[in-house]
Amino acid sequence: MTLRNDPRKQATALTYDTKKPDAAPRVVAKGYGLVAEMIVQRAKDAGLYVHESPGMVSLLMQVDLDARIPPALYQAVAELLAWLYRLENGIEEGPAPQVAPAAGKPKG
């Protein structure tokens, strides 16, 4: 069975060091099934926001663990970070970000 057809829940976690503005966000956790559920639960327990977008997760699952996101995903992740900023600052402008079809498969 290929990963694309895998019916289990998937989850990824990103980190972004704002003190290094030239550095891209990194994938720090990813997994399927029970591991995915644990990633989401630990994020919620830590008071972190969880954005559920199957398209975004599918793209991020292709990025190696502890690797920076590839340039092909910069815009999609930037929209996600902008959504998070608005949420954290009480600005409820616009819907949650969606993965643009142009994001395509990451290279890297």
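Start with the whole protein chain and its contacts: of those with a separation of 6 or more, 62% join residues 24 or more positions apart. Keep in mind that this is a predicted model. Color by secondary structure and you should find three helices and two strands, which run β-β-α-α-α from the N terminus on. Now switch on the surface. The protein chain exposes about 7,500 Å², and carbon and sulfur atoms supply 54% of that area. Of the 108 residues, 29% are buried.

**Stop 1: the core**

Hide the surface and select Ala24, Val27, Met56, Leu59, Leu60, Val63, Ile69, Leu73, Ala76, Val77, Leu80 and Trp83 as sticks. These 12 residues form the largest nonpolar core. Helices α2 and α3 each supply at least two of the core residues, and α3 gives the largest share, with four.

**Stop 2: helix α3**

Next, select residues 74-88, which are α3. From first C-alpha to last, this helix of 15 residues reaches 21 Å, close to the 21 Å expected at 1.5 Å a residue. Which residues of α3 are buried? Pick out Ala76, Val77, Leu80 and Trp83. Look down the axis: because these residues cover an arc of only 115° around it, they lie on the same side of α3. A rule of thumb helps here: an α-helix has 3.6 residues a turn, so residues three or four places apart point the same way.

What covers this buried side? Show β1 (10-15) and α2, both of which are included in the cover over the buried residues of α3. Then turn to the face of α3 pointing away from the buried side, where you will meet the exposed residues Gln75 and Tyr85.

**Stop 3: two positive phi angles**

Step just past α3 to Gly90, where phi is positive, at about 70°. Now go back to the loop between α2 (54-60) and α3, and select Asp66. Asp66 also has a positive phi of about 70°, although it is not a glycine. Most residues other than glycine have a negative phi. Is Asp66 buried, exposed or partly exposed? Its relative accessible area is 49%, so Asp66 counts as partly exposed.

**Stop 4: Val35 in helix α1**

Finish at α1 (residues 33-45) by selecting Val35. This residue counts as partly exposed because its relative accessibility is 44%. For a last look, draw a distance between the C-alpha atoms of Val35 and Thr12: they are separated by 9.9 Å, while the two residues are 23 apart along the chain.

Key
Residues are numbered from 1 along each chain as its sequence is written. This is a predicted model: local features need pLDDT of at least 70, side-chain atom pairs count only at pLDDT 80 or more; totals for chains, interfaces and linings use all residues. Side-chain values use heavy atoms; hydrogens and water are left out. Buried means under 20% relative accessible area, exposed over 50%, partly exposed in between (1.4 Å probe, protein chains only). Contact means heavy atoms within 4.5 Å. Accessible areas come from the Shrake-Rupley method with a 1.4 Å probe; for residues, only the protein chains shown count as cover. A nonpolar core is a set of buried Ala, Val, Leu, Ile, Met, Phe, Trp, Tyr and Cys residues joined through side-chain atoms within 4.5 Å. The expected span of a helix is 1.5 Å times one less than its number of residues. The arc is that of the directions from the helix axis to the C-beta atoms.
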